[in-house]
Amino acid sequence: LRAVAPSATLAMSARAQEMRGRGIDVFAFGVGEPDFEPPQYVLDAAKQAIDEKKSSKYTAVTGIAPLKDAICAASERRRGVKIAPQNVTVSVGAKHALFNLALALYDPGDEVVIPAPYWVSYPEQVRIVDAVPIAVETEEKNGWRMSPAALQKSLTKKTKAVILCTPSNPTGTAYGEKELREILEVLEPHDAWLIVDEIYAELVYDGFENVSVTTIAREMKQIRDRIILIDGVSKSYAMTGWRIGWSIAPREVSAACDVVQGQSTTNPTAVSQHAALAALTGPQDDV
């Protein structure tokens with residue numbers, strides 16, 4: 001643990017809360033958190049789940065069946081790629097989904113490529129299992145995007161995975177279809193996993209059209225089965241405190257995450273799962 005740094009984001013958030021407690025008006029940009037409440041129908045669904053006694057018992061480790069079905073349906077609508085519930089692991093937030101993957105995939109000495117600037121937890125989750133984060137520096141003049149050439153240069157025989165966040169925390173950049181295709185072409189002959197964090201996929205502006213990497217990879221047989229998606233309800237539905245995220249992965253990876261999660265948190269909070277179900281299946285006007 002001496003190799004792992006505490007979360008700078010959470011330290012900034014705690015500092016802001018402490019200052020607010022002293023009456024200081026603080027605008028905190030540390031955590032990725034919308035400043036409004038979830039849609040009312042989400043809150044109503046949580047209340048209904050409590051009233052119907054659906055909130056007080058364990059659920060399946062990787063999530064209730066209706067929520068996993070809803071995740072599959074929502075993913076197919078957005079990405080045009082059909083997945084099965086067995087590919088989905090519902091976790092205690094997207095951060096937990098990434099932590100499951102770190103324990104399931106990385107061995108000591110493995111290298112994990114991460115474009116910089118990066119969200120603070122990506123490299124620390126790599127270090128916590130004694131793997132090695134490899135930062136690929138990017139520049140403002142290139143929109144903080146990792147170039148295919150820089151990615152190619154960072155890959156070695158030890159590369160176990162590449163983590164890509166698009167749209168990005170913290171830079172706000174997003175990779176277009178052409179740029180994602182070029183990254184896939186670099187990785188296609190390699191055997192590394194590509195972990196794509198799409199938690200901010202709905203938060204795009206100014207006419208930018210966000211395309212999922214899985215949509216592009218449908219016809220790329222060598223790489224499509226090595227792509228893992230991270231998603232959740234925290235940003236799109238302003239549900240950060242409800243702690244529901246998920247991974248979409250090949251079945252053998254999802255089975256490994258089931259083992260990891262079964263020996264750590266077990267299921268995500270039951271009432272939060274019902275709230276997330278309502279978010280995905282309800283009207284999307286608020287999004």
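A cavity here is a set of grid points where a 1.4 Å probe fits but cannot get out, and its lining residues have an atom within 4 Å of a point. With that in hand, welcome to a predicted model that holds two cavities of 30 Å³ or more. Leu98, Leu101, Ala102, Tyr106, Tyr122, Gln125, Val126, Ile163 and Ile195 line the second largest of them. The notes below also visit a mostly covered helix, α11, and two cysteines, 72 and 257, whose sulfurs are 15 Å apart.

**The largest cavity**

- The largest cavity encloses about 110 Å³ of space.
- Its lining is made of 16 residues, and those nearest the centre are Pro115, Pro117, Cys165, Ser168 and Tyr175.
- Two strands, β2 (111–116) and β4 (159–165), are the elements that give two or more residues to this lining.
- Sorted by class, the lining of the largest cavity has eleven nonpolar residues, five polar ones and no charged ones.

**The second largest cavity**

- About 40 Å³ of space lies in the second largest cavity.
- Helices α4 (94–105) and α5 (121–127) each contribute at least two residues to its lining.
- Eight of the residues lining the second largest cavity are nonpolar and one is polar, with no charged residue among them.

**Helix α11**

- Helix α11 covers residues 270–281, and at 1.5 Å a residue its twelve residues should span 16 Å; the end C-alpha atoms lie 17 Å apart, which agrees.
- Eleven of the twelve residues of α11 are buried, so the helix is mostly covered, buried meaning under 20% relative accessible area.
- The buried residues are Ala270, Val271, Ser272, Gln273, His274, Ala275, Ala276, Leu277, Ala278, Ala279 and Leu280.
- Among the elements that cover these buried residues are α2 (40–51), α3 (65–79) and β7 (245–248).

**Cysteines and disulfides**

- A disulfide is a covalent bond between the sulfur atoms of two cysteines.
- Searching the whole structure turns up zero disulfides.
- Cysteine 72 is in no disulfide, and the nearest cysteine sulfur, that of cysteine 257, is 15 Å away.
- Why does cysteine 257 not bond to cysteine 72? The two sulfurs are 15 Å apart, which is too far for a bond, because a disulfide needs cysteine sulfur atoms within 2.5 Å.
- Is cysteine 72 buried or exposed? Cysteine 72 is buried, at a relative accessible area of 8%.
- Cysteine 257 is buried as well, with a relative accessible area of 1%.

Terms used
Residues are numbered from 1 along each chain as its sequence is written. This is a predicted model: local features need pLDDT of at least 70, side-chain atom pairs count only at pLDDT 80 or more; totals for chains, interfaces and linings use all residues. Side-chain values use heavy atoms; hydrogens and water are left out. On a 1 Å grid over the protein atoms alone, a cavity is a set of points where a 1.4 Å probe fits but cannot get out, and a pocket is an open set with protein on both sides within 12 Å along at least five of seven lines; lining residues have an atom within 4 Å of a point. Grid points are joined across faces, edges and corners, and a volume is the space filled by probe spheres set on the points. Helices (H or I, at least four residues) and strands (E, at least two) are DSSP runs, numbered from the N terminus. Ala, Val, Leu, Ile, Met, Phe, Trp, Tyr, Cys and Pro count as nonpolar, Asp, Glu, Lys and Arg as charged, and the others, Gly among them, as polar. The expected span of a helix is 1.5 Å times one less than its number of residues. Buried means under 20% relative accessible area, exposed over 50%, partly exposed in between (1.4 Å probe, protein chains only). Contact means heavy atoms within 4.5 Å.
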